Amino acid sequence: MNTIVRRILLFILFPALLMAVSCTEKPVEVIEYLEVNSNTISGNWRLDSWKGRPLAEGTEMYIKFVRNDQTYRMWQTMDSFSGIPHYVTGEFNITMDVISGAVINGKYDNDEGLWQHSYMVKDLTATEMTWIAVDDPDFVQHFIRVESIPYEIEQ
């Protein structure tokens, strides 16, 4: 009779112990990376870090990608002494490279020329992405997706 009680307790306590142990484990965070294309980067982004460092206080850069016509609008104070954002528009395109993967490049409107670099787009998720200059791997920019751009109304 003692053996039967032990087996019953074992069958009751073992699953309870197993559930208690499994409940204390932290869930594994799964990061869903997106395919890089004009649809997945479409929207509003804020530059979070530049060359691996946070932006200087008072420095901002926002960019809005429009997927339908592959254009962008950018507001930035990186070269402004007054703190008033410089507004720039242009076109972008994304190509696939065997070595670099997805590469974004663009040109400015008003005959201002091409972007200084072409960028490998890495670690694109629904909320962030990283750009690395193809010709300068130390030139890294990290972007955070934002709901709106504070300067967009002014245009």
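The questions and answers below go through a predicted model of one protein.

Q: How many helices and strands are there in the protein?
A: The order of elements from the N terminus is α-α-β-β-β-β-β-β-β-β-β-β. The helices therefore come before the strands in that order, with elements taken as DSSP runs numbered from the N terminus. The protein has 2 helices and 10 strands.

Q: What percentage of the residues of the protein count as buried?
A: A residue is buried if its relative accessible area is under 20%. The protein has 155 residues to which this cut-off applies. The part of them that counts as buried is 33%.

Q: What area does the protein expose?
A: Carbon and sulfur atoms supply 56% of the exposed area. The area itself is about 10800 Å².

Q: Which residues lie nearest the centre of the largest pocket?
A: The largest pocket holds about 460 Å³ of space. Its lining is made up of 20 residues. Nearest the centre are Met-61, Met-74, Gln-76, Tyr-108 and Tyr-119.

Q: Which strands each supply at least two residues of the lining of the largest pocket?
A: By class, this lining has 13 nonpolar, 5 polar and 2 charged residues. Strands that give at least two residues each span 61-66, 71-76, 86-97 and 136-145. They are strand 3, strand 4, strand 5 and strand 10.

Q: Which residue in the hairpin of strand 3 and strand 4 takes a positive phi?
A: Strand 3 and strand 4 are paired in the antiparallel sense over 6 bridges. Val-66 is opposite Thr-71 of strand 4. Between the two strands of this hairpin there are 4 residues. The residue with a positive phi, near 50°, is Gln-70.

Q: Which residue in strand 5 does Arg-73 stand opposite?
A: Strand 4 also pairs with strand 5, in the antiparallel sense and over 6 bridges. Within strand 5, the residue opposite Arg-73 is Thr-89.

Q: What is the bridge partner of Ile-104 in strand 8?
A: Strand 6, residues 101-108, pairs with strand 8, residues 119-122. The pairing is antiparallel and covers 2 bridges. The partner of Ile-104 in strand 8 is Tyr-119.

Q: Which residue in the hairpin of strand 8 and strand 9 takes a positive phi?
A: Strand 9 covers residues 128-133 and pairs with strand 8 in the antiparallel sense over 4 bridges. In this pairing Val-121 is opposite Trp-131. The hairpin has 5 residues between its strands. The positive phi, near 50°, belongs to Asp-123.

Q: Why does Ser-38 count as buried?
A: Ser-38 is in helix 2, residues 38-41. Outside its neighbours within four places in sequence, Ser-38 is in contact with Arg-67, Gln-70, Phe-92 and Ile-94. A residue counts as buried under 20% relative accessible area. Ser-38 counts as buried because its relative accessibility is 15%.

Q: Why is Thr-130 buried?
A: Thr-130 is part of strand 9. Apart from neighbours within four places in sequence, its contacts are Met-120, Val-121, Lys-122, Val-140, Gln-141 and His-142. The cut-off for burial is under 20% relative accessible area. Thr-130 is buried because its relative accessible area is 14%.

Definitions and conventions: Residues numbered from 1 in each chain as written. Predicted model: local features only at pLDDT ≥ 70, side-chain atom pairs only at ≥ 80, totals over all residues. Heavy atoms only, no water. Buried < 20%, exposed > 50% of the residue type's maximum accessible area, 1.4 Å probe, protein only. Areas by Shrake-Rupley, 256 points an atom, 1.4 Å probe, with all protein chains shown as cover. 1 Å grid on protein atoms, 1.4 Å probe; cavity = no way out; pocket = protein on both sides within 12 Å on 5 of 7 lines; lining within 4 Å. Points joined across faces, edges and corners; volume = space filled by probe spheres on them. Nonpolar A, V, L, I, M, F, W, Y, C, P; charged D, E, K, R; others polar. Pairing = 2+ DSSP bridges. Contact = heavy atoms within 4.5 Å.
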